[in-house]
Amino acid sequence: GLCREVMGRRKDGREFPMEIAVSEVPLDSGPILVGIFRDTTERRQLESQLIQAQKMESVGQLAAGIAHEINTPTQYVGDNLRFLEDAFRDLTGLLAACRRLRNAADQQPIPAELVRSVVAASEVADIEYLIDEIPKAIGQSLDGIGRVTKIVLSMKDFSHPGNEAKQAVDLNRALESTLTVCRNEWKYLAEAVTDFDPDLPMVTCLPGECNQVFLNLLINAAHAIGDKLAG
């Protein structure tokens, strides 16, 4: 038999999805063709609702992973800012002693107690430690902000909200964005190695649909690796 989906037209002119099933029935007088016409409007609506529900579940899982990815760098940025706050508080005593020493610099000789106060303030602030650690804290914080910025930009590239028109897409960037937003799904199971062709031309496609395909492939691969490791 033959089964095909086509668009039908109601008496009022409205179109609707219809399934046509045609089969051959042998009779003594000769074979005849029997056709069954079925309105699939309700089935398509149910399928659409199911797909939407699956997408929402996927988005929820993805959002949880993205939140985890953002939470990690923001935590150490916060820790470093608190360290810098304490470090600056410790340095204020040293700065005040240096200011007093500067104001007394025209006096000869410079009062010995001012010199001792600078040395004491330097020891209290543990200046050698701060000189070593403050640049590290700033560098880590900048890396953390850069990581969050990359995730947010990848989310923007990945989502393409409300854009259902075909457009020229950089597939390298689309894949990199998808890898970033779903990183929490695979980072504990595997290492993602990319080998992007810098000369890859732009491809005309539906960006959101392509990203969804890439996402499904990556998550399915991660789950398969997880099942293999568990087994």
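Visitor: Why does Leu 33 count as exposed?

Guide: The model is a predicted one. In it, Leu 33 has a relative accessibility of 66%. The cut-off for exposed is over 50%, so Leu 33 counts as exposed at 66%.

Visitor: Where does Leu 33 lie, and which residues is Leu 33 in contact with, leaving aside neighbours within four places in sequence?

Guide: Leu 33 lies in strand β3. Leaving aside neighbours within four places in sequence, the contacts of Leu 33 are Val 22, Ser 23 and Glu 24. Glu 24 is also the residue that stands opposite Leu 33 in β3. For Val 22, the C-alpha separation from Leu 33 is 6.6 Å, with the two residues 11 apart along the chain.

Visitor: How do you know that β2 pairs with β3, and which way do they run?

Guide: Pairing takes at least two bridges between the strands. Strand β3, residues 32-39, is joined to β2 by 8 bridges, so the pair passes that test. The two strands run antiparallel. One bridge pair is Ala 21 with Ile 36 of β3. The hairpin of β2 and β3 has 6 residues between the strands, and Gly 30 there takes a positive phi near 125°.

Visitor: How many bridges join β1 to β2?

Guide: There are 8 bridges between β1 (residues 2-9) and β2 (residues 15-25), and these strands run antiparallel. With at least two needed, they therefore count as paired. Leu 2 faces Val 22 of β2 across the pairing, and Gly 8 stands opposite Phe 16. This hairpin has 5 residues between its strands, with Gly 13 in the turn at a positive phi of about 95°.

Visitor: What is the order of the strands in the open sheet, and what makes β1 and β3 edge strands?

Guide: The open sheet has 3 strands in the order β1-β2-β3, with antiparallel pairing. β1 and β3 are the edge strands, each pairing on one side only. On average, neighbouring strands of this sheet are turned by 30° against each other, direction ignored. As for side chains, in a regular strand they alternate between the two faces of the sheet.

Visitor: Why is Asn 80 called buried?

Guide: Buried means under 20% relative accessible area. Asn 80 has 10%, and is therefore buried. Asn 80 is found in helix α1, residues 41-103. Not counting residues up to four places away in sequence, Asn 80 touches Ala 137, Gln 140 and Ser 141.

Visitor: Is Tyr 188 buried or exposed?

Guide: Tyr 188 has a relative accessible area of 59%. The limit is over 50%, so Tyr 188 is exposed. Tyr 188 lies in the loop between α5 (183-186) and β5 (203-205). From Tyr 188 to Pro 17, the C-alpha to C-alpha distance is 45 Å, with their positions 171 residues apart in sequence.

Visitor: What makes α4 and α6 oblique to each other?

Guide: Helix α4 (residues 171-181) packs on helix α6 (residues 207-230) at an angle of about 50°, with the axes 10 Å apart. Angles under 35 degrees are roughly parallel and those from 65 to 115 roughly perpendicular. An angle of about 50° falls in neither class, nor among those over 145 degrees, so the helices are oblique. The crossing of α4 past α6 is right-handed. On the α4 side the contact is made by Leu 171, Ala 174, Leu 175, Thr 178 and Leu 179; α6 supplies Asn 211, Phe 214, Leu 215 and Leu 218. By class, 7 of the contact residues are nonpolar and 2 polar, with no charged.

Visitor: Why is α3 called oblique to α4?

Guide: The angle between helix α3 (residues 127-159) and α4 is about 120°, with the axes 8 Å apart. Roughly perpendicular ends at 115 degrees and roughly antiparallel starts over 145, so α3 is oblique to α4. α3 passes α4 in a left-handed crossing. Residues of α3 in the contact include Arg 147, Lys 150 and Asp 157, and those of α4 include Arg 173 and Glu 176. The contact of α3 with α4 holds 4 nonpolar, 4 polar and 5 charged residues.

Methods. Residues numbered from 1 in each chain as written. Predicted model: local features only at pLDDT ≥ 70, side-chain atom pairs only at ≥ 80, totals over all residues. Heavy atoms only, no water. Helix = DSSP H or I, 4+ residues; strand = E, 2+ residues; numbered from the N terminus. Buried < 20%, exposed > 50% of the residue type's maximum accessible area, 1.4 Å probe, protein only. Contact = heavy atoms within 4.5 Å. Axes fitted to C-alpha atoms, helices over the stretch in contact; angles between N-to-C directions. Left-handed = near helix turned anticlockwise from the far one by under 90°. Nonpolar A, V, L, I, M, F, W, Y, C, P; charged D, E, K, R; others polar.
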